[in-house]
Amino acid sequence: MLHISGICGGMTETLLLDKTTTDHAPSVIPGGASVHELQAAAEEVAALAAALVLRTRRERTDGEAVAGSIIELMGSAMPVAQTKSSAVDPVTEADRGAETFIREWLHHRFPQATVIGEEEGADSSAPAAGSLGADPGDSAGPRLEWIVDPIDGTVNFVYGIPAFAVSVAAALDGVPVAGAVVDAAHGHVFGACVGGPATVAPVDLRTEEAVVGERKNISRQEARKDAAQALVATGFSYDAERRQRQARVLGAVLPHVRDIRRLGSAALDLCMVASGQVDGYYEHGLNGWDFAAGALIAARAGATVVTPTLNYTAESGLPIIAGVPGVQEELEKMLLSQGAGGSIEQLSLP
């Protein structure tokens, strides 16, 4: 699964996730849980957190729900608590509350594991060797880490755009082995574990119990597809200069694909690759919590996903490239031809 790839430039280590590389469960997991139990836990806590996120939104906005909608859509801007990487990268009370809830829930169920979240980073008691920024050789035994994004797509959440998710992944020695992504606005939970199928299930987020319904397997096991007929998703940075470089890459890719979609949530983009709503996805400069669960779900559905290893952060500007057979390879070639196979900062502006 771990290999050296030129797509990220130089001798960068990347993760290659597909049906073959994710087909075998690890023999030892700290605490004795199976990967199926890790997937079930990820789905449960992500669903409970999504219900909390929606409940917080209802309590903090004056919007009105339209018929059949989970999220209030009209006149319902969510207050921003602070910003992070830039003035346009918001954090809300719901982000903080959901991550705190997930941390406490996971610590109770998996006391031997480390939790690494977008808002609070790694547990303060965690050893220095965490997968998001440490040397795997520093740890004596296998490391179980939970990688958490309490709201992926916070800008959409703030504006009431129904495209945001809760993402929870379990990683063993820095490699995702189970995960779940909850599409909070539409009430779906996507899940997968190594050796198992990618699944999707309805989840009732109108109650605190967040009951998950019957799971359905999803698959992209299909004939190779030409990128010219592919619908491709992408995303952009909150940093203005990096976004300018990404726009140059987009201009080069756009003439060679069916069309582009920009949803605003990497986790959902990857689940859309898994479910067939898009055929490919690429983006430069993500953190592990943005893609860890979604990348595994897409891989178990039959897509090929190449990501930086989880020790790289968004600051590296490195790409993630996912797609069905044929599309992923062509996207990779397009990025390489534009000099965007490595850090987006290496790409010269016109």
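**Close-ups of a predicted model**

F110 is buried, and so is W146. Both turn up again in the views below, which all come from a predicted model.

**View 1. F110 and W146 make a tilted aromatic pair.** Searching the whole structure turns up 2 aromatic pairs. In this one, the ring centres of F110 and W146 are 5.1 Å apart and the planes meet at 50°. F110 comes from the loop between α2 (93-109) and β5 (114-117), while W146 belongs to strand β7 (residues 144-152), so the pair ties together parts that are 36 residues apart in sequence.

**View 2. F157 and F164 pair up, with R57 joining in over one ring.** The centres of F157 and F164 are 5.1 Å apart and their planes stand at 75°, so this pair counts as edge-to-face. Both phenylalanines, F157 and F164, are buried. Look also at R57: its charged end sits over the ring of F157, 5.4 Å from the centre.

**View 3. L38 sits in helix α1 with a mixed crowd of contacts.** L38 has 0% relative accessibility, so it counts as buried. Once neighbours within four places in sequence are set aside, its contacts include F110 and W146, the two rings of View 1, along with I29, A33 and L144. A170, V177 and A178 are in contact with L38 too. As for C193, its C-alpha lies 7.8 Å from that of L38, although 155 residues separate the two along the chain.

**View 4. An open sheet of 8 strands with mixed pairing.** The strand order reads β6-β5-β7-β8-β9-β10-β11-β12. At the edges stand β6 (121-122) and β12 (216-218), each with a single partner strand, so one side of each has no neighbour in the sheet. Zoom in on the β6 edge and you find β5 and β6 pairing in the antiparallel sense over 2 bridges. There, G117 stands opposite G121 in β6.

**View 5. Helices α1 and α6 both lie across strands of the sheet.** Helix α1 (residues 35-60) lies across β7, β8 (165-172), β9 (175-183), β10 (188-193) and β11 (198-202), and runs at about 30° to β9. Helix α6 (residues 288-301) lies across β5, β7, β8, β9, β10, β11 and β12, with an angle of about 95° to β9.

**View 6. Two non-glycine residues, D173 and A210, have a positive phi.** Most residues other than glycine have a negative phi. D173, in the loop between β8 and β9, has a phi of about 50°. With 36% relative accessibility, D173 counts as partly exposed. A210 also has a phi of about 50°, and its place is the loop between β11 and β12. A210, at 6% relative accessibility, counts as buried.

**View 7. Residues 126-131 and 133-138 have pLDDT under 50.** For the chain, the mean pLDDT is 88, and 85% of the residues reach 70 or more. Residues 126-131 fall below 50, yet this stretch has 18 contacts in the model beyond near neighbours in sequence. For residues 133-138, the model has 8 contacts beyond four places in sequence. Where pLDDT is low, the predicted coordinates should not be read in detail.

How values were computed
Residues are numbered from 1 along each chain as its sequence is written. This is a predicted model: local features need pLDDT of at least 70, side-chain atom pairs count only at pLDDT 80 or more; totals for chains, interfaces and linings use all residues. Side-chain values use heavy atoms; hydrogens and water are left out. Rings of Phe, Tyr and Trp (its six-membered ring) pair if their centres lie within 6.5 Å; planes under 30 degrees apart count as stacked, over 60 as edge-to-face and the rest as tilted. Helices (H or I, at least four residues) and strands (E, at least two) are DSSP runs, numbered from the N terminus. Buried means under 20% relative accessible area, exposed over 50%, partly exposed in between (1.4 Å probe, protein chains only). A charge sits over a ring if NZ of Lys or CZ of Arg is within 6 Å of the ring centre and within 35 degrees of the ring normal. Two strands pair if DSSP finds at least two bridges between them. Contact means heavy atoms within 4.5 Å. Axes are lines fitted to C-alpha atoms, for helices over the stretch in contact, and angles run from 0 to 180 degrees between N-to-C directions. pLDDT is the predictor's confidence in each residue, from 0 to 100.
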